[in-house]
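Me: I am new to this structure and would like a close look at a single part of it. Please take me through the packing of one pair of helices, and then through some residues elsewhere in the chain.

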Amino acid sequence: AALAAQHAAGVGRGGSAAAAGVSRFESELEINDFPQKARWNVTHKDSLAAISEFTGAVITTRGQYIPPGKQLPIGERKLHLLIEGPTERSVKDAKGRIKEIIEQAVAKESLPGGFGSLGKYKI
């Protein structure tokens with residue numbers, strides 16, 4: 001639902017740029033406000049490599065994590081992914097796979113006994 005709201009609000013922007021006659025498509029997906037496990041899953045080297053190999057898109061982690069309630073420093077951006085590809089389809093496919101990974105992680109956390117309820121110590 002949060003991803004759909006971001007998409008509807010235009011947080012993930014898509015566009016193309018022509019450089020020396022070569023088309024390049026890109027999109028951004030903000031991941032700062034998702035749970036830590038979801039952020040880790042989509043920024044992990046193995047996940048990014050698998051998505052890139054499957055879609056042909058290149059995914060770069062940008063920005064910095066800003067905890068809830070903390071103000072964003074001037075000139076900084078929240079943690080997000082930059083997705084670049086040779087075709088619009090490759091970028092859409094990569095973004096869709098990233099959203100699936102985030103939704104799976106969020107769903108696991110919301111389940112009773114999910115990793116969000118695990119602690120190092122029990123009282």
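Reply: What follows starts with a helix pair and then turns to three residues. The model is a predicted one, in which local features need pLDDT of at least 70 and side-chain atom pairs count only at pLDDT 80 or more, while totals for chains, interfaces and linings use all residues. Residues are numbered from 1 along each chain as its sequence is written, and side-chain values use heavy atoms, with hydrogens and water left out.

Two packed helices are described by the angle between their axes and the distance between the axes. Helices here are DSSP runs of H or I with at least four residues, and strands are runs of E with at least two, numbered from the N terminus. For helix α2 (residues 36-43) and helix α4 (residues 88-110), the axes come within 9 Å and cross at roughly 150°; such axes are lines fitted to C-alpha atoms, for helices over the stretch in contact, with angles from 0 to 180 degrees between N-to-C directions. The two helices are therefore roughly antiparallel to each other, a term for angles over 145 degrees, whereas under 35 counts as roughly parallel, 65 to 115 as roughly perpendicular and the rest as oblique. The contact, meaning heavy atoms within 4.5 Å, is made by A38, N41 and V42 of α2 together with I98, I101, I102 and A105 of α4. These residues divide into six nonpolar, one polar and no charged, where Ala, Val, Leu, Ile, Met, Phe, Trp, Tyr, Cys and Pro count as nonpolar, Asp, Glu, Lys and Arg as charged, and the others, Gly among them, as polar.

Turning to helix α3 (residues 45-55), T55 has its place there and, at 12% relative accessibility, counts as buried, where buried means under 20% relative accessible area, exposed over 50%, and partly exposed in between, with a 1.4 Å probe and protein chains only. The side chain of T55 reaches the backbone oxygen of I51 at 2.7 Å and the backbone nitrogen of A57 at 3.2 Å. Leaving aside residues up to four places away in sequence, T55 touches S90, D93 and A94.

F54 is also found in helix α3, but at 71% relative accessibility F54 counts as exposed. The C-alpha atoms of F54 and A94 are separated by 8.2 Å, although these residues lie 40 apart along the chain.

Finally, Q64 is found in the loop between β3 (58-62) and β4 (80-85), and is partly exposed, with a relative accessible area of 31%.

Terms used. A polar contact is a pair of N or O atoms within 3.5 Å; within protein, one must be able to donate a hydrogen and the other to accept it, and residues adjacent in sequence count only if both atoms are side-chain atoms.
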